[in-house]
Amino acid sequence: MRIFLLVLPAALSVAACNPTPGPYANGPYTGPGPGPRTTYSYDSIEYGRIVSVQPVTMRRTNDGDQIVGAVTGGLVGAVIGHQFGSGTGKDVMTGAGAIAGTIIGSNIASQGGTYTSYAWTVRLDNGGSITVIQMSNQFRVGDRVSVVRSGNQVYLR
């Protein structure tokens, strides 16, 4: 039974660290191409030419994963800490193990996954420039693009 109590939280903590794709894993729009009745909603469109591209490493942010990691780490730490000491010392070790496990589990879960995206720098026709981070690598330096602003999102098309 003790082995089960030690193995179960460890298995749950490994499962909690499974990375999931970020919100732009497949680009900002994956629906059908423009058709005769397709409408797009956007705030503004500017045009320009791509002048540079840099790969960037993005870290997935999912507070749920970090919470699960902290809780699981705390449970594992408490179980391990409870194996040491006796009397009041056992209680202290259980608490210390829970605190240490929470910190470690939260840190492990927050480092759960990264992915590569691209920082596209566009020289706009109006003379300004903008850098847009987008996962899609369908563009090349020198390509003419549309910079679409829709709500709080900016993407290239």
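This is a short tour of a predicted model, going from its sheet to its core and then to one loop residue.

**The sheet**

Begin by displaying the strands as a cartoon. Five strands form an open sheet in the order β3-β2-β1-β4-β5, and their pairing is antiparallel. Go to the two ends of that order: β3 and β5 (153-156) are the edge strands. Each of them has a single partner strand, so one side of each is left without a neighbour in the sheet. Looking across the strands, the twist averages 35° from one strand to the next. As background, the strands of a sheet pair through backbone hydrogen bonds, in either a parallel or an antiparallel sense.

**Strand β1 and its two partners**

Select residues 44-59, which make up β1. Then add residues 114-124, strand β2. β1 and β2 run antiparallel and are joined by 11 bridges. Two places to zoom in on are P55, which stands opposite Y118 in β2, and V56, which stands opposite S117 in β2.

Now hide β2 and show residues 144-150, strand β4. β4 pairs with β1 in the antiparallel sense too, over six bridges. Here, centre the view on E46, which has V147 of β4 opposite.

**The nonpolar core**

Which residues make up the largest nonpolar core? Select I50, W120, V122, L124, I130, V132, F139, V145, V147 and L156, 10 residues in total. Colour them by element of secondary structure: β2, β3 and β4 are the elements that give two or more residues to this core. The most comes from β2, which gives three residues.

Stay with V132, one of the core residues. Setting aside neighbours within four places in sequence, V132 is in contact with Y118, A119, W120, V154, Y155 and L156. Of these contacts, W120 and L156 also belong to the core list.

**A loop residue, S136**

Last, move to the loop between β3 (129-134) and β4, and select S136. Is S136 buried or exposed? Its relative accessibility is 17%, and the cut-off for buried is under 20%, so S136 counts as buried.

Show the side chain of S136 and the backbone of Q138: the side chain reaches the backbone nitrogen of Q138 at 3.3 Å. Then show Y118 and W120, which S136 touches when residues up to four places away in sequence are not counted. Both have appeared before on this tour: Y118 stands opposite P55, and W120 is part of the nonpolar core.

Definitions and conventions: Residues are numbered from 1 along each chain as its sequence is written. This is a predicted model: local features need pLDDT of at least 70, side-chain atom pairs count only at pLDDT 80 or more; totals for chains, interfaces and linings use all residues. Side-chain values use heavy atoms; hydrogens and water are left out. Two strands pair if DSSP finds at least two bridges between them. Helices (H or I, at least four residues) and strands (E, at least two) are DSSP runs, numbered from the N terminus. Buried means under 20% relative accessible area, exposed over 50%, partly exposed in between (1.4 Å probe, protein chains only). A polar contact is a pair of N or O atoms within 3.5 Å; within protein, one must be able to donate a hydrogen and the other to accept it, and residues adjacent in sequence count only if both atoms are side-chain atoms. Contact means heavy atoms within 4.5 Å. A nonpolar core is a set of buried Ala, Val, Leu, Ile, Met, Phe, Trp, Tyr and Cys residues joined through side-chain atoms within 4.5 Å. Axes are lines fitted to C-alpha atoms, for helices over the stretch in contact, and angles run from 0 to 180 degrees between N-to-C directions.
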